[in-house]
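Work through the exercises below with the model open. Each task is followed by a solution in steps.

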Amino acid sequence: MQNLRDMSRMRLSVFRDHGWLLHSLVMRDLRGRYKGSVLGFLWTFLNPLLLMLTYSVVFGYFLQVNAAAYPAFILSGLLPWIWFSTALLQGSTSILEGASYVGKTIFPTPVLPLVPVLAGMVNYLLSLPLLLILLLFFKLPVGWGLVCFPVLVLIQVVLLCGLTMTLSALSVTFRDTQHLLGHIVTILFFMMPIMYPLTAIPERARWIVEHNPLVGLFYSYQQIFYYGEVPDPQRLLWLFVLAVAVFYGGQYTFNRQSESFAEHI
C-alpha cells in the first residue's frame, strides 16, 4: 500500500514538474491538426458545423425530432461529445504512437495520454463561438447556468485523463482495445440524448439512458446552453466524484502496465 501511495505521488509530481512539456506537446498537436490544409484553423468551426447540418437534416427534417431551435440543441451536446470521443480515440493510441519516447529515462510517459485531452479541450473552447452565435440567432435564454460551465469542463478533463490513461496502457498489451473502442464510442453516441431529447425515448427504455453516467454530463451542457438552466448540484457532485475515481483508477492501471511497455512496443 505504501508503494502505491509513493507511486501515485511520483506520477502527480511528473504532471506538476513537466507542465512546460505538456504545454509544448499540446501546442504541437493543435498546430499539426490542420497542417497543410488550405482552410487551416477554420476547420475548428467547419467540422462541427458540417456535422450539425448533417444531423439537422437527418434527425430534424427526415426523422422529425421534436425540439425547438434544433441546430442549437444538437450543437450544445455535440461540441463536448466531439472533444470526448476524439480524446478517447487518440488517447488510446498515444503510447503506441509515442513509442520513441517510451523507455527514455528523462521523458515522463504519463504525459502522452493527457495531450489529446487538453488539445481537445482547447479545440472545444475555440469552437464555442459557433454555439453562441446559434443561441443569439434563435434567441435562446442564457442564464446563471453558465457559472457551472468551468465545473463541467473540469469534470470532463479529469474523467478523460483517467480514461485515456487506462485505455492507452491497455492498448499496449491488448491491441484489440483500440478497435473495440471505435465501436463502443459509436454505440455510446447513439444511446445518449445528443441528437434527440430525453422525452423522445419511450418510458420503458428511458432507464437505460438515465443510468448512463455520461448522460448526466452531456445533458448538463445542454441545460446550460440550450435550456438556460442551472444543472442539478447533486448530479455535478456525483459526476465529480466519479471522475476522480476514474482518474485514480486510470493512474493505477497506467502505473501497473507501464513497467511492461518497453517489451510490448
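**Exercise 1. Place M192, classify its exposure and list its contacts.**

Step 1. M192 sits in the loop between α8 and α9 (203-210). Helices here are DSSP runs of H or I with at least four residues, strands are runs of E with at least two, and both are numbered from the N terminus.

Step 2. M192 is buried, because its relative accessibility is 1%. Buried means under 20% relative accessible area, exposed means over 50%, and partly exposed lies in between (1.4 Å probe, protein chains only).

Step 3. Leave out residues up to four places away in sequence. M192 then touches W81, N212, L214, V215 and F218. Contact means heavy atoms within 4.5 Å.

Step 4. Take N212 from that list. M192 and N212 are 20 residues apart in sequence, and their C-alpha atoms are 8.2 Å apart.

A note on the model: it is predicted, so local features need pLDDT of at least 70 and side-chain atom pairs count only at pLDDT 80 or more, while totals for chains, interfaces and linings use all residues. Residues are numbered from 1 along each chain as its sequence is written, and side-chain values use heavy atoms, with hydrogens and water left out.

**Exercise 2. Describe the chain as a whole.**

Step 1. Count the elements. The chain has 12 helices and 0 strands. From the N terminus on, the order is α-α-α-α-α-α-α-α-α-α-α-α.

Step 2. Check burial. The chain has 265 residues, and 48% of them count as buried.

Step 3. Check contact range. Take the contacts with a separation of 6 or more; residues 24 or more positions apart account for 79% of them.

Step 4. Check the surface. The chain exposes about 13,900 Å², and carbon and sulfur atoms supply 67% of that area. Accessible areas come from the Shrake-Rupley method with a 1.4 Å probe; for residues, only the protein chains shown count as cover.

**Exercise 3. How do the axes of α4 and α8 cross, and which residues make the contact?**

Step 1. Helix α4 spans 70-92, and helix α8 spans residues 176-190.

Step 2. Their axes come within 10 Å and cross at roughly 170°. Axes are lines fitted to C-alpha atoms, for helices over the stretch in contact, and angles run from 0 to 180 degrees between N-to-C directions.

Step 3. α4 is therefore roughly antiparallel to α8. Angles over 145 degrees count as roughly antiparallel, under 35 as roughly parallel, 65 to 115 as roughly perpendicular and the rest as oblique.

Step 4. On the α4 side, the contact uses L78, W81, S85, L88, L89 and S92. On the α8 side, it uses Q178, L181, G182, V185, L188 and F189. W81 also touches M192.

**Exercise 4. Compare two residues of α7: is each buried or partly exposed?**

Step 1. Q156 is found in helix α7. Q156 counts as buried because its relative accessible area is 0%.

Step 2. Set aside neighbours within four places in sequence. Q156 contacts P80, W83, F84, L217 and Y221.

Step 3. L170 also lies in helix α7. L170 is partly exposed, at 27% relative accessible area.

Step 4. Apply that sequence filter to L170. Its contacts are T177 and T253.

Step 5. L170 and F254 are 84 residues apart along the chain, with 8.2 Å between their C-alpha atoms.

**Exercise 5. Which two non-glycine residues have positive phi, and where do they lie?**

Step 1. A69 has phi near 50°. A69 is in the loop between α3 and α4 and is buried, at 17% relative accessibility.

Step 2. K139 has phi of about 55°. K139 lies in the loop between α6 (111-137) and α7 (149-173). K139 is exposed, at 76% relative accessible area.

**Exercise 6. Locate M27 and give its C-alpha distance to A119.**

Step 1. M27 belongs to helix α2 (residues 19-33). M27 is partly exposed, at 31% relative accessibility.

Step 2. M27 and A119 are 92 residues apart in sequence. Their C-alpha atoms are 7.4 Å apart.
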